[in-house]
Amino acid sequence: MILNLKDFGTFLSTRDLGEIIRNKITTGIKEGNIVTVDFTDITQMTHSCADEVFAKLVIEFGLPNFKKFVKMKNADETTATIIKYAIARSLQNQNGHSVTS
């Protein structure tokens with residue numbers, strides 16, 4: 001399953017939008033699909049949107065299953081960094097550690 005994020009706009013900025021995107025990915029995973037998230041034409045994704053989509057998916061499904069079922073393509077370096085940071089922060093908070101420790 002391919003999820004083209006440009007269908008939601010080119011600037012992905014809110015938690016509400018992130019929830020919509022996350023729900024689509026969750027549905028795909030629960031149907032047994034590998035979900036490819038395509039960032040073509042995305043100019044920016046905010047930390048709050050990335051947290052709402054990707055960090056919450058990692059918490060819900062676990063990092064191994066997230067890596068197995070969610071693939072990302074065409075994310076620029078800035079967006080990829082924001083997503084990695086959101087996931088790392090969420091995992092550290094879940095384990096009771098801060099990002100800076």
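I looked first at the sheet of this predicted model: it is open, with three strands in the order 1-3-5 and parallel pairing. Strands here are DSSP E runs of at least two residues and helices H or I runs of at least four, numbered from the N terminus; two strands pair if DSSP finds at least two bridges between them. I noted that strand 1 (2-4) and strand 5 (70-73) are the edges, each with a single partner strand, so one side of each has no neighbour in the sheet. From one strand to the next, the twist averages 25°.

I then examined strand 3 (residues 35-38), which pairs with strand 5 in the parallel sense over four bridges. Asp 38 lies opposite Lys 73 in strand 5. Helix 1 (residues 15-30) packs on the sheet and touches strand 1, strand 3 and strand 5, contact meaning heavy atoms within 4.5 Å. Its direction makes about 150° with that of strand 3; axes are lines fitted to C-alpha atoms, for helices over the stretch in contact, and angles run from 0 to 180 degrees between N-to-C directions.

I turned to helix 2 (residues 47-61) and found several buried residues (under 20% relative accessible area, 1.4 Å probe, protein chains only), including Cys 49, Phe 54 and Phe 61. Gly 62 follows helix 2 with a positive phi, near 85°.

For the whole chain, I recorded that buried residues make up 37% of the 101 residues.

Residues are numbered from 1 along each chain as its sequence is written. Local features need pLDDT of at least 70 and side-chain atom pairs pLDDT 80 or more, while totals for chains, interfaces and linings use all residues, and side-chain values use heavy atoms, without hydrogens and water.

How values were computed: Buried < 20%, exposed > 50% of the residue type's maximum accessible area, 1.4 Å probe, protein only.
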